Amino acid sequence: MKIKDYVKKLYCEGFNVSIKGDDIRICHWGMHDLVVNKKAQGWSNTNISFDTLSVLGYDKAGTLLELTKQYLRTPLSKRCLENKEYYLAAWRYCSSPIVEKVYVSKINICSDCSGFEYSDKPVPFTEDQLKNVKDCDPVLAPAIDAMKEEVTDESI
């Protein structure tokens, strides 16, 4: 679950949410602020306590815990807004006069040659992954920049 989706769902459930630095602060009437770190990978990076949850009641506490569990189970690369994802798309001649759009499914880097493997299904690459490929083999950088298509919610 992306950060914006987590915040939106909490708002819909009646929680007040603010983001300060790396912390997502969750408030509700009659309880102390709950803090979930944006980069948290487990419950230890939250300050959610049973004393605080008892003020909410079973339904609200269950909803808060379920949404937080979904958020924490999402890999960092999928939830952090700073790490954008891209598809690498190319137009190839598949049969003589017909050009088809294909997507890069794998990037092969070797000491003597580098190249791409293609598929009909798009495979997302993070900005960090593409930067690492460009650093390893600068010859691929122009091709990668030309093929990049940002992953949006509509394209999923």
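# A tour of the chain, from surface to core

Start with the whole chain shown as a surface. Its accessible surface comes to about 9900 Å². Carbon and sulfur atoms hold 52% of that area. Keep in mind that this is a predicted model.

**Stop 1: the overall layout.** Switch to a cartoon view. You should find six helices and eight strands. Follow the chain along its sequence and the pattern reads α-β-β-β-α-α-α-β-β-β-β-α-α-β. The chain has 156 residues, and 33% of them are buried. Now think about contacts between residues with a separation of 6 or more: 48% of these link residues 24 or more positions apart.

**Stop 2: the first hairpin.** Select residues 16-20, which are strand β1. Then add β2, residues 23-27. The two strands run antiparallel, and five bridges join them. Zoom in on Asn16. Which residue of β2 stands opposite Asn16? It is Cys27. Next, go to the turn. Two residues lie between β1 and β2 in this hairpin. Gly21 is in the turn, with a positive phi of about 65°.

**Stop 3: the largest nonpolar core.** In soluble globular proteins, nonpolar side chains tend to be buried together. Here, the largest nonpolar core has 20 residues. Select Tyr6, Leu10, Ile24, Ile26 and Leu64, the residues with the most contacts inside this core. Then colour the elements that give two or more residues to it: α1 (3-12), β2 (23-27), β3 (34-37), α2 (50-56) and α3 (58-73). Which element gives the most? That is α3, with five residues.

Stay with Ile24 and show what surrounds it. Leaving out residues up to four places away in sequence, Ile24 touches several others, including Ile3, Tyr6 and Val7. Leu34, Val35 and Val36 are also among them, and so is Tyr71.

**Stop 4: a second core.** Move on to Phe116, Phe125, Leu140 and Ile144. They belong to a second, separate core of 13 residues.

**Stop 5: a patch on the surface.** Return to the surface view and select Trp91, Tyr93 and Val99. Together they form a nonpolar patch with about 410 Å² of accessible area. Pick out Tyr93, in strand β4 (residues 85-95). Is Tyr93 buried or exposed? Tyr93 counts as exposed, because its relative accessibility is 64% and the cut-off for exposed is over 50%.

Finish at Ile98, in strand β5 (residues 98-109). Ile98 has a relative accessible area of 45%, so it is partly exposed. Setting aside neighbours within four places in sequence, Ile98 is in contact with Arg92 and Tyr93.

Technical notes. Residues numbered from 1 in each chain as written. Predicted model: local features only at pLDDT ≥ 70, side-chain atom pairs only at ≥ 80, totals over all residues. Heavy atoms only, no water. Core = buried A, V, L, I, M, F, W, Y, C linked by side-chain atoms within 4.5 Å. Buried < 20%, exposed > 50% of the residue type's maximum accessible area, 1.4 Å probe, protein only. Helix = DSSP H or I, 4+ residues; strand = E, 2+ residues; numbered from the N terminus. Contact = heavy atoms within 4.5 Å. Patch = residues over 30% accessible without salt bridge, like charges linked within 9 Å, V, L, I, M, F, W, Y side chains within 5 Å. Areas by Shrake-Rupley, 256 points an atom, 1.4 Å probe, with all protein chains shown as cover. Salt bridge = Lys/Arg side-chain N within 4 Å of Asp/Glu carboxyl O. Pairing = 2+ DSSP bridges.
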